[in-house]
Amino acid sequence: PWLRIGVFSGIHGDEPSGIHALVALIHELHENPELARGLEVHFYPVCNPSGYVDGTRWLRGGPDMNREFWKNSAEPEVRILEGDLERLHFDGLVSLHSDDTSDGIYGYVGGDVLTKHLLEPALRAASTHLPRNTSGVIDGWNADRSIIEEGYAGVLSANPLQQPKPFEIVFETPACAPEPLQIAAH
């Protein structure tokens, strides 16, 4: 009867808009819990605390956290999140990011075949705050209507062996946009 969803932000410490958006969502759901009816939502607002404190994309240990998942990483932040991903067996994952090379919103989809049908209405709603990136190539990947169906190895995702596969969305706002608009779009 419940869908278990994990919402992640601050994977890159220098992307605060996702963190602020996730905190705002927590407050909104506290005030209006019926909005989450049927959902068990787990919030991870600052996945990379050392990067956040340092104001950098990287883990203090050096690597980009979002290229370390399911690669036998020695990084404690990655291991902790992998443990939760395995233990909680999420039905869906959403990661909030900001892209410093894009002038519009877009997203990556993975996992369940229906994922792009979940991302499309989110992009449509977010486009009331920021424009969509409609380029045919975004971040080096082929894109169709602001949706990318490929992605980098090692990004935060469910265990590759998990069945059934959850939906996985990486939602990107343009880092050059004013932070309040990024937060609203997230």
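Strands S1 (3-8) and S3 (92-99) pair in the parallel sense over four bridges, pairing being assigned where DSSP finds at least two bridges between two strands. Within this pair, Val7 stands opposite Val94 in S3. The model is predicted, so that local features need pLDDT of at least 70 and side-chain atom pairs count only at pLDDT 80 or more, whereas totals for chains, interfaces and linings use all residues. Residues are numbered from 1 along each chain as its sequence is written, and side-chain values use heavy atoms, with hydrogens and water left out.

S1 is also joined to strand S2 (residues 39-44) by six bridges, and these two strands run parallel. Phe8 faces Tyr44 of S2. Together with H1, S1 and S2 form a right-handed β-α-β unit.

Helix H4 (residues 115-126) comprises twelve residues and spans 17 Å from its first C-alpha to its last, close to the expected 16 Å (1.5 Å times one less than the number of residues). Its buried residues (under 20% relative accessible area, 1.4 Å probe, protein chains only) are Thr115, Leu119, Glu120, Leu123 and Ala126. These residues lie on the same side of H4 because they cover an arc of only 135 degrees around the axis.

The largest nonpolar core (buried Ala, Val, Leu, Ile, Met, Phe, Trp, Tyr and Cys residues joined through side-chain atoms within 4.5 Å) has 18 residues, and those with the most contacts inside it are Ile105, Leu119, Leu123 and Phe171. S1, H1, S3, H4 and S8 each give two or more residues to this core. A second, separate core of 15 residues includes Phe8, Ile11, Met65 and Leu81.

Notes: Buried means under 20% relative accessible area, exposed over 50%, partly exposed in between (1.4 Å probe, protein chains only). The arc is that of the directions from the helix axis to the C-beta atoms. A crossover is right-handed if, with the strands pointing away from the viewer, the path from the first strand over the helix to the second runs clockwise.
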